[in-house]
Amino acid sequence: MAESGGKAYVLSIDQGTTSTRALLFDSKGTPVQVAQKELPQIFPNDGWVEHDGNQIWADTLEVCRQVLSKVKAHEVAAIGITNQRETSLIWDRATGVPLHNAIVWQDRRTADLCARLKSEGKEAIVQEKTGLLLDPYFSGTKLAWLLDKVDGARDRAKKGELCFGTIDSWLVYNLTGGASHVTDATNASRTLLFNIDTQDWDDEILSWFDIPRSLLPEVKDCCAAFGETASGLFDVSLPITGIAGDQQAATVGQACFQPGMMKSTYGTGCFALVNTGSAHVHSQNRLLATVAYRIGGDVTYALEGSIFMAGATIQWLRDEMKFITSAEESEALAKQANPDSQAIVVPAFTGLGAPYWDPNARGAVLGMTRDTGAPEIVRAALESVSYQTRDLMDAMGADMEAAGLSAPSELRVDGGMVANDWFAQNLSDLLGRPVVRPVVQETTALGAAYLAGMQVGFFGGQDSVSAQWQQEARFDAVMDEGTRDSRYGRWKDAVGRVLTV
Ligand code: ADP
């Protein structure tokens, strides 16, 4: 069924860390076609993680062609792209050949460089200008590594022969046959090189790494004309009109368009973002400030915090502890657990993220008694994700109140873990706030579709997207305040025992 103008769909490309997907959304924001390919992970060294850029492009083309084969290409209004953030690639501007594998966000190879910059007192400058912290996670030091270590890269970059990009840039470059070297403000805001106040690459930070501007993509709004697909790729040429990094896309897909609206995505890890409106809030609690989206030249900012181990804690229960045989079983076991159990799991398997930022902390199970069994540990593991969300929400609330904004009052959730009703209820109980789950849980891909569709008039503006967003389930807190406070107090005590800083 074709909508007005004969357009019935938006194609969303969701290039994630472990898979590449293409989805077609109709004008109601319902996913109607999906194709997916797993992406191989490359581990060349301890703590190093790479992806093959050519593979990412080949997979993207394949999944797009798969979904487009199910409809008439001329029914597709536009393409939106969302991507794993921070992952960094350089390629030859003329030939499109990558000079090295992409360095993935998880990669820690630039830890020493970050430590050196910190010792030179540069973290305060980074935080002030970019909203980020000096951590190998972000693209800037990965790009510096590529320029230093790949033979001839720095000279060629100075001659303008190379392109740097995050995965969105790389995909647009390929989709347009090399015509566009662009990115959007959300992806730019994760590079460590982008000043989120001036919305421009920052010359001072570029000079630390000796990065020429000509290497960097042009930064556009999230809704913009990024380019047209090259002839021969699909049956017709399609405009690329929406881009956002994955967590920002999920924020749009959850229609968190007002200051104080917060979303949290519970996959392997958990990423929480709260909209701070036109204010770049400088966190006093080691949260990140970032661009939530930029539409029509107007920047909307967010505070962001992440939990390294969310669903991964459930995988640990399944694969290492063997307390469950599937993630879904965690719900039944949590319900069986003695509700008075004092057991606490601190899943600091790879350190703790915001607001603690302790890479050397390690996991612990505390408060066990003779009758603590698998159900109590499973329950405590699920609760640990709720406690960590409370840590983030409290930090966000404090930062927002200090900036004269209202703290978040409810939480919109998505990701694999929130299928678990026990967890969603526990989250609400420990936050003391409503937790709301949407009908369409493909929020990341949907957000990219919304951005692309808003640009071409396929979706209306933010108001009509907000009106389209629908709640599937709502969990209200039923735990009394005394219990909530005493349980959270025991969590803080447990965290205090594993911190090394
Ligand atoms: P990612 O995108 O990071 O791969 P997903 O959003 O697909 O993650 O979610 C998968 C994660 O959710 C896994 O880590 C899994 O352990 C967890 N998970 C899935 N279903 C449940 C459930 N019913 N209860 C708890 N955790 C779950």
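This passage describes two sheets, the ligand site and two backbone details in a predicted model.

The six-stranded sheet is open, and its pairing is mixed. Its strands follow the order 3-2-1-5-14-13. Strand 3 (31-38) and strand 13 (223-228) form the edges. Each has a single partner strand, so one side of each lacks a neighbour in the sheet. From one strand to the next, the twist averages 25°. Strands of a sheet pair through backbone hydrogen bonds, in either a parallel or an antiparallel sense. Strand 2 (residues 19-25) and strand 3 run antiparallel and are joined by seven bridges. Within this part of the sheet, Phe-25 has Pro-31 of strand 3 as its bridge partner. Helix 6 (residues 167-175) lies across four strands: strand 1 (9-15), strand 5 (76-83), strand 13 and strand 14 (239-245). The helix runs at about 145° to strand 5.

The seven-stranded sheet is also described as open, with mixed pairing. Its order is 17-18-16-15-21-22-23. Strand 17 (288-295) and strand 23 (471-475) are the edge strands, and each pairs on one side only. Neighbouring strands are turned by 30° against each other on average, with direction ignored. At one end of the order, strand 22 (residues 435-438) pairs with strand 23 in the antiparallel sense. Four bridges make up this pairing. Val-435 stands opposite Phe-475, a residue of strand 23.

Helix 9 and helix 13 both pack on this sheet. Helix 9 (residues 246-253) touches strand 15 (262-266), strand 16 (270-277) and strand 17. The direction of helix 9 makes about 125° with that of strand 15. Helix 13 (residues 421-431) touches strand 15, strand 21 (411-414), strand 22 and strand 23. Its direction makes about 145° with that of strand 22. Strand 15 is therefore touched by helix 9 and by helix 13, taking contact as heavy atoms within 4.5 Å.

The ligand is surrounded by 13 residues. Thr-268, Gly-311, Gln-315, Gly-416 and Asn-420 come nearest. By class, the shell divides into eight polar residues, four nonpolar and one charged. Helix 10 (residues 311-319) supplies the largest share of the shell, with four residues.

Polar atoms of the protein approach the ligand at several points. An N or O atom in the side chain of Gln-315 is 2.7 Å from an oxygen atom of the ligand. Gly-311 contributes through its backbone: one of its N or O atoms lies 3.1 Å from a ligand oxygen atom. At Ser-330, a polar side-chain atom lies 3.3 Å from a nitrogen atom of the ligand. Taken alone, the ligand exposes 580 Å², and the protein buries 70% of that area.

Two loops carry backbone details of note. Ala-354 and Pro-355 are joined by a cis peptide bond, with omega at about -5°. Pro-355 belongs to the loop between strand 19 (344-346) and strand 20 (364-366). Ala-255 is not a glycine, yet its phi is positive, at about 55°. This alanine, Ala-255, lies in the loop between helix 9 and strand 15. That loop thus links two elements already described: helix 9 packs on the seven-stranded sheet and touches strand 15.

How values were computed: Residues are numbered from 1 along each chain as its sequence is written. This is a predicted model: local features need pLDDT of at least 70, side-chain atom pairs count only at pLDDT 80 or more; totals for chains, interfaces and linings use all residues. Side-chain values use heavy atoms; hydrogens and water are left out. A residue is near a molecule or strand if one of its heavy atoms lies within 4 Å of it. A polar contact is a pair of N or O atoms within 3.5 Å; within protein, one must be able to donate a hydrogen and the other to accept it, and residues adjacent in sequence count only if both atoms are side-chain atoms. Accessible areas come from the Shrake-Rupley method with a 1.4 Å probe; for residues, only the protein chains shown count as cover. Ala, Val, Leu, Ile, Met, Phe, Trp, Tyr, Cys and Pro count as nonpolar, Asp, Glu, Lys and Arg as charged, and the others, Gly among them, as polar. Two strands pair if DSSP finds at least two bridges between them. Axes are lines fitted to C-alpha atoms, for helices over the stretch in contact, and angles run from 0 to 180 degrees between N-to-C directions.
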